[in-house]
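Colleague: Could you take me through one part of this model in close detail, and then place the surrounding features in relation to that part? I would like a connected account rather than a list.

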Amino acid sequence: LGLAICYDMRFPYLFQRLRFEKGADVLTAPSAYTVPTGRAHWHALLRSRAIENQCFMVAAAQVGRHWPGKRLSYGHSIIIDPW
């Protein structure tokens with residue numbers, strides 16, 4: 001099991017190392033992406049990491065408004081297979 005965070009999704013070499021050097025069969029990336037960033041990048045980055053590394057990506061994601069304040073998290077928890 002390879003563990004990372006949402007910010008790490010932008011660094012493919014980290015996931016390659018977890019998969020091929022450390023032997024992880026499943027890669028994870030919990031997230032608290034904001035709505036605009038999530039819409040633009042979340043699914044595309046997860047699919048890319050799954051395909052590049054030929055393994056499952058498990059991504060738990062926070063959703064909703066965070067109190068106090070106006071920040072909204074995108075959500076969209078997902079499990080992606082490499083095919």
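Modeller: What follows is a close look at helix α1 and then at some features elsewhere in the chain.

Please keep in mind throughout that this is a predicted model.

Helix α1 spans residues 12-21, and its buried residues are Phe15, Leu18 and Arg19. Viewed down the axis of α1, these buried residues fall within an arc of 90 degrees, and they therefore line one face of the helix. On the other side of α1 the residues Tyr13, Phe20 and Glu21 are exposed. As for what the buried residues of α1 meet, they pack against β1, β2 (26-28), α2 and β3, where β1 covers residues 2-3, while α2 runs over 35-53 and β3 over 56-59.

Within this helix, Leu18 deserves a separate look. Leu18 counts as buried because its relative accessibility is 16%, which is under the 20% limit used for that class. Setting aside residues up to four places away in sequence, Leu18 touches Gly2, Leu3, Gly23, Ala24 and Leu27. One of these partners, Leu3, is 15 residues from Leu18 along the chain, and the C-alpha atoms of the two are separated by 8.2 Å. Another partner of Leu18 is Gly23, which comes just after α1 and takes a positive phi of about 80 degrees.

Ala24, also touched by Leu18, leads on to the start of the chain, since Ala24 is in contact with Leu1 as well. Leu1 is found in the segment before β1, and leaving aside neighbours within four places in sequence, the contacts of Leu1 are Ala24, Val26 and Thr28. Between Leu1 and Val26, which are 25 residues apart along the chain, the C-alpha separation is 5.0 Å. In spite of these contacts, Leu1 is exposed, with a relative accessible area of 70%, whereas Leu18 in α1 is buried at 16%.

The stretch that leads into the helix has a surface feature of its own. Ile5, Tyr7, Phe11 and Leu14 form a nonpolar patch on the surface, and together they have about 390 Å² of accessible area. Of this group, Tyr7 lies in the loop between β1 and α1, and Tyr7 counts as exposed because its relative accessibility is 52%, a value that has to be over 50% for that class.

Further along the chain, a few backbone details may be of interest when you check the geometry. Gln54, placed in the loop between α2 and β3, has a phi near 50 degrees, which is a positive value in a residue other than glycine; at 38% relative accessibility, Gln54 counts as partly exposed. His76, in the loop between β5 and β6 (78-80), likewise has a positive phi, of about 70 degrees, although His76 is not a glycine, and His76 is partly exposed with a relative accessible area of 39%. Finally, Trp67 and Pro68 are joined by a cis peptide bond with omega at about -10 degrees, and Pro68 has its place in the loop between β4 (63-65) and β5 (72-74).

Note on methods:
Residues are numbered from 1 along each chain as its sequence is written. This is a predicted model: local features need pLDDT of at least 70, side-chain atom pairs count only at pLDDT 80 or more; totals for chains, interfaces and linings use all residues. Side-chain values use heavy atoms; hydrogens and water are left out. Helices (H or I, at least four residues) and strands (E, at least two) are DSSP runs, numbered from the N terminus. Buried means under 20% relative accessible area, exposed over 50%, partly exposed in between (1.4 Å probe, protein chains only). Contact means heavy atoms within 4.5 Å. Patches are made of residues with over 30% relative accessible area and no salt bridge: like charges are joined within 9 Å, nonpolar side chains (Val, Leu, Ile, Met, Phe, Trp, Tyr) within 5 Å. Accessible areas come from the Shrake-Rupley method with a 1.4 Å probe; for residues, only the protein chains shown count as cover. A salt bridge is a side-chain nitrogen of Lys or Arg within 4 Å of a carboxyl oxygen of Asp or Glu. The arc is that of the directions from the helix axis to the C-beta atoms.
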